[in-house]
Amino acid sequence: MAVHTSIQLLTYSQELVEGQPLYVSSNCLPVKASKYEPAGLAFHNVALKLLGCEEEDTEEVDDQKVGNDKENVYMPSSDSYSSKGKKKSGADGKQQDHYALLGLSHLRYLATEDQIRKSYREAALRYHPDKLANLLLAEETEAAKQAKKDEIDNHFKSVQEAYEILIDPVKRRIYDSTDEFDDEIPTECAPQDFFKVFGPAFMRNGRWSVAQPIPTLGDDSTPLKDVDNFYNFWYYFKSWREFPHADEYDLEQAESRDHKRWMERQNAKLSEKARKEEYTRIRALVDNAFKRDPRILRRKEEVKAEKQRKKEAKVRAKQLQEEEAARAAEEERRRKEEEEKRAAEASLQHKKIKEKEKKLLRKERTRLRTLSAPALSQHLLDLSEDDVESLCMTLGIEQLRSLCDKMDNKEALERAKIIKDARGYNREANEKKIDEANEKKIDETNKSQPNGSVESNGNILSSSFEKKEKPWTKEEIELLRKGTQKYPKGTSRRWEVISEFIGTGRSVEEILKATKTVLLQKPDATKAFDSFLEKRKPAVSIASPLSTREEVQGVSTPSKTENTAVKTSSPGDSGKTASSPVDVASSNGVSSSSEQDVWSAVQERALVQALKTFPKETPQRWERVATAVPGKTVNQCKKKFALLRENFRSNKSTA
């Protein structure tokens, strides 16, 4: 192709040269094209081609150069990215950056699924082997062409592999977990640099959080509620970070579902240790920040100051309370002293007044005795010294003074009359006082006992008494129990029927009360033996084969003697009936008590055996002992036991 000798220069508008936005108008709305500039090698080549000013060879060389430039730009480099935790692809085992292959190095784990798909389509069009076929023509030898072809195919396969990994959520999470990351946590920092040091650390580690978005560290003016929420979030931090192990199993190689589950369990065991270390690292970061957070430290100081203030206030309140108690005690002591002092003064004053009254009383009594002496010496109107002394002892000071004033300057007879009149008036006054006292006492008795009654003669008031309920006998209780069983609940007029069944005139109220008290009362265990003795039928007395005739007769003799004595007593000797049996027995030469206290050898042996059988702790011991000893009561057994104990002690002391 011939080359044109004259090349026409391209010119651009002033807006494009100065970089200003270009507005293109048509039959639609204006479109602002500020992101696209008509510049670059491709633009010039297209412009020259349209003008027919470009050679074909030059176009091929330029296309080859452009392809080489694109290949150099997008090929992964070991210098641009660290090889820590990167997956290996291909037989050569070279490390590759999936995000760099798709042109997402600036986004990395922040890239969305749509961005990954779009970048993959662009990279697939750019690096498809058919698009780069012109690069094979530039090679001279077949070996070079084959090597170039393999390189292009491997690069395209790497792009496909990158897309497969990044588009799968599980594989992408594993890849992002092994992506380059700074695991260092800050430990020391100046108080003023806290937010500059720990803020980026929390934002950097927040990428592993399951919950998004994560709360920010904030600044010094952040409310304490937000600060508490921030630390609560990080103390309960949940991470999605995976920790693949070099020796872990590939789940895609599993032969069955059970085999895959077994591989998952083995992989979980391998990654468990790394997961624990990761949570320990996050916890250390949060602890370091919590210890050095100026907001937390300020709140701790405020809480500590508040506690100290409350403690001091409590101490001050206690001191004030003690001072107030001491002041009150002192005032109480002073008040008591003043009261005691006033009481002592009042008592002394009362004592003085009383002494003065006594002196005046003695003076008036002496005056009365002096004025009544002539009448007493002459025995006028049967006046005696007892009458005068009675007046002296019963009348008060004013009465004695008025009486003496009346008797003053009077004759002996008139004085005797005045004393007689005063004596009669004094007796009437005393009787009136006694009557008033009796009436008052009767009124008080009637008020305290409203149900009081008067005796039949109507002259003497008897003390009132409350109507006592008639006690229930055992027969009535037994009939009540049988009646409640015979007429159960639901019986028409049940309690009236039970009252008629008992037949003792008990009212319905008494029966209801007895049902709630007497029937529900548990039997006393201590009286069980007594009830047994009462219910037991009297046994027929059979003489023991070991007892003698005299012993049997001696036991039964007192009853015969008593019967004989009762028969021989006459009606005229009714006042001596109670003592006649004793007299008759005494006349025979033997007292009844001595006959009852006679113990045979069989009875003594029975008593000793019963005492051994029923020890001290046995309930109703003496009743059981008396039952075991024939012909003896409880008191007789106790007396015999006391006598045996005395004999034993005396024999022991003598030995």
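Which residues do ring pairs link into a cluster? In this predicted model, where local features need pLDDT of at least 70, side-chain atom pairs count only at pLDDT 80 or more, and totals for chains, interfaces and linings use all residues, the cluster consists of Phe202, Phe230, Tyr231, Phe233, Trp234, Tyr235, Phe237 and Phe290. Residues are numbered from 1 along each chain as its sequence is written, and side-chain values use heavy atoms, with hydrogens and water left out.

The structure holds 18 aromatic pairs, a pair being rings of Phe, Tyr or Trp (its six-membered ring) with centres within 6.5 Å, counted as stacked when the planes are under 30 degrees apart, edge-to-face when over 60, and tilted otherwise. Tyr487 and Phe501 form an edge-to-face pair because their ring centres are 6.1 Å apart and their planes stand at 75°; Tyr487 lies in the loop between α16 (474–486) and α17 (494–502), whereas Phe501, 14 residues away, belongs to helix α17.

Turning to the interior, the largest nonpolar core (buried Ala, Val, Leu, Ile, Met, Phe, Trp, Tyr and Cys residues joined through side-chain atoms within 4.5 Å, where buried means under 20% relative accessible area with a 1.4 Å probe, protein chains only) has 21 residues. Two or more of its residues come from each of α12 (294–378), α13 (385–394), α14 (397–407) and α15 (412–448), the helices being DSSP runs of H or I, at least four residues long, numbered from the N terminus. Leu368, among the residues with the most contacts inside this core, touches (heavy atoms within 4.5 Å) Val388, Leu391, Cys392, Leu400, Leu403, Cys404 and Met407, not counting residues up to four places away in sequence.

Notes. Buried means under 20% relative accessible area, exposed over 50%, partly exposed in between (1.4 Å probe, protein chains only).
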